[in-house]
Amino acid sequence: MPSHLTGVGFRGMAGQSRGPEPLIIIRSGAAIDDVVKANPAGSTFFLSAGIYRMQSVTPKDGDSFVGQPGAIMNGSRQLTSFARSDRYWVASGQSQHGKANGKCLPAYSGCEYPEDLFFNNVPLQRVESLSLVTAGKWHFDYSAAKVYFVDDPADKIVEISVTPHAFSGIAKNVKIKRLTIEKYATPAQDGPISCYDATNVCLAKGWTIESNEIRLNHGAAIRLANNQIIKSNYIHHNGQEGLTGSGSNVQLENNDIAYNNTLGFDFGWEAGGTKFSNLGYSGKSHDQSDGLYPGKANPSMWWACALQVLDSPNATVYGNTLINNSNGICAVSTPRGSGDKGEFLVKNLFVHDNVIVQSIGSAAGPSG
């Protein structure tokens with residue numbers, strides 16, 4: 001049986017006549033990107049249930065990717081062969097070596113390296129020298145292409161992240177729906193869904209990312225871009241933060257963003273639920289994310305907020321449920337100069353109809 005099947009569908013609004021567009025069913029084991037290359041722009045790809053390991057896809061304009069229940073894109077390699085060396089278990093042949101980025105909290109040195117090791121879906125803490133390896137910790141010797149740990153791998157699913165991106169490229173109007181995307185070796189300040197090239201420029205726009213579960217990736221879940229719609233996703237337990245980056249006309253709606261910064265990045269550098277920058281002055285912006293929960297943060301630091309407006313005018317924040325964060329909703333003004341549309345400062349801020357539940361810190365207010 002072929003690893004993918006092609007059918008024909010018709011799409012368009014009532015009363016419009018459009019030609020047939022292919023609907024392609026992809027089965028686990030197929031190389032998704034090869035199937036994309038073999039089909040025209042504007043195709044719809046249905047991913048059947050199963051694990052699609054270490055796959056990175058470059059969509060074409062107008063492509064849609066829809067997961068059937070149980071469709072998982074997994075950026076890790078499963079490890080099944082181990083040797084003993086002194087008190088350590090060793091897995092050899094690990095040649096991946098991604099870009100290090102970030103600043104770690106003192107107790108989490110090693111968080112800046114993008115590869116993670118998982119035992120039964122739980123990440124171990126990476127340390128920077130072999131002598132620091134104890135239960136629940138691991139070390140990656142890049143020069144020897146070996147990983148070391150002391151936890152017994154018997155009867156465990158052991159995985160190490162390898163691939164940086166699940167979806168990337170310059171295509172416009174891409175749709176990604178109902179997929180689980182996990183365990184990608186994405187550097188901090190980037191996500192497995194990202195359109196940025198090596199020069200840090202994003203030419204893509206108009207992506208819709210809807211009803212996905214994005215979890216256990218090293219950096220963030222999604223890197224923002226222009227005209228994105230990010231809707232009804234469950235974004236949780238990513239290593240640095242939930243959302244990152246910049247873009248104009250970004251719409252967030254009904255997302256559950258929970259328990260990010262699992263790997264101990266320094267919140268003063270950048271870590272937690274979300275960070276948006278350089279979004280432009282649209283006159284009105286909003287966030288409707290349900291359930292923004294904590295990662296690691298410092299309760300004594302005012303800037304450690306669930307939602308923060310930093311030197312930005314004309315923002316509206318409403319319809320959010322914020323639970324057990326260090327602080328709730330913050331507005332901070334600091335001297336940051338001005339841009340082509342005026343001075344960077346907080347003004348015309350409208351915050352309403354949010355639910356904030358916490359036992360420490362402040363619920364909402366200004367600082368600066």
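**Salt bridges, cores and strands in the predicted model**

Lys-103 is partly exposed, with a relative accessible area of 49%; here buried means under 20% relative accessible area, exposed over 50%, and partly exposed in between, using a 1.4 Å probe and protein chains only. The structure is a predicted model, so local features need pLDDT of at least 70 and side-chain atom pairs count only at pLDDT 80 or more, while totals for chains, interfaces and linings use all residues. Residues are numbered from 1 along each chain as its sequence is written, and side-chain values use heavy atoms, with hydrogens and water left out.

Lys-103 has a charged partner: it forms a salt bridge with Asp-266, and the closest N and O atoms are 4.0 Å apart (a salt bridge is a side-chain nitrogen of Lys or Arg within 4 Å of a carboxyl oxygen of Asp or Glu). The pair links distant parts of the chain, 163 residues apart, with Lys-103 in the loop between β9 (88-91) and β10 and Asp-266 in the loop between β25 (256-258) and β26 (272-274). Helices (H or I, at least four residues) and strands (E, at least two) are DSSP runs, numbered from the N terminus. Unlike the partly exposed Lys-103, Asp-266 is buried, with a relative accessible area of 14%.

In total, the structure holds 10 salt bridges. Another one is local: Asp-33 pairs with Lys-37, with 3.6 Å between the closest N and O atoms. These two sit four residues apart in helix α1, so about one helical turn separates them. Asp-33 counts as buried at 14% relative accessibility, whereas Lys-37 is exposed, with a relative accessible area of 59%. A further salt bridge runs between Glu-210 and Lys-177, whose closest N and O atoms are 3.7 Å apart. Glu-210 lies in strand β18 and Lys-177 in strand β16 (residues 175-177), so this pair ties together parts that are 33 residues apart in sequence. Salt bridges that share partners also join Arg-53, Glu-159, Glu-182, Lys-183, Glu-213 and Arg-215 into one network.

Arg-53, a member of that network, belongs to strand β4 (residues 50-53), where the side chains alternate. Gly-50 and Tyr-52 point to one face and are buried, while Ile-51 and Arg-53 point to the other and are not. In a regular strand the side chains alternate between the two faces of the sheet. Strand β4 runs parallel to β6, and four bridges join them (two strands pair if DSSP finds at least two bridges between them). In this pairing, Arg-53 stands opposite Asn-74 in β6.

Elsewhere, four strands form an open sheet in the order β7-β15-β10-β11, with antiparallel pairing. At its edges stand β7 (76-79) and β11 (122-123), each with a single partner strand, so one side of each is left without a neighbour in the sheet. Strand β10 (residues 117-119) is joined to β11 by two bridges, and Phe-118 stands opposite Pro-123 in β11.

Turning to the interior, the largest nonpolar core has 38 residues, of which Met-73, Phe-167 and Ile-181 touch the most other members. A nonpolar core is a set of buried Ala, Val, Leu, Ile, Met, Phe, Trp, Tyr and Cys residues joined through side-chain atoms within 4.5 Å. At least two residues of the largest core come from each of β2 (20-26), α1 (32-37), β3 (44-47), β6 (71-74) and β20 (222-224), and α1 gives the most, with three residues. Leaving aside neighbours within four places in sequence, the contacts of Phe-167 (heavy atoms within 4.5 Å) include Met-73, Ile-181, Ser-194 and Trp-207. There is also a second, separate core of 12 residues, which includes Leu-79, Ala-91, Leu-117 and Ile-160.

Ser-194 is found in the loop between β17 (180-182) and β18 (208-210) and is buried, with a relative accessible area of 1%. Its side chain makes a polar contact with the side chain of Asp-190 at 2.8 Å; a polar contact is a pair of N or O atoms within 3.5 Å where, within protein, one must be able to donate a hydrogen and the other to accept it, and residues adjacent in sequence count only if both atoms are side-chain atoms. Beyond its neighbours within four places in sequence, Ser-194 is in contact with His-165, Phe-167, Ser-168, Gly-169 and Arg-223.

Finally, a search of the whole structure finds one disulfide (a pair of cysteine sulfur atoms within 2.5 Å). It is formed by Cys-104 and Cys-111, with their sulfur atoms 2.2 Å apart. Both cysteines are buried, and the link is left-handed, with -105° about the S-S bond.
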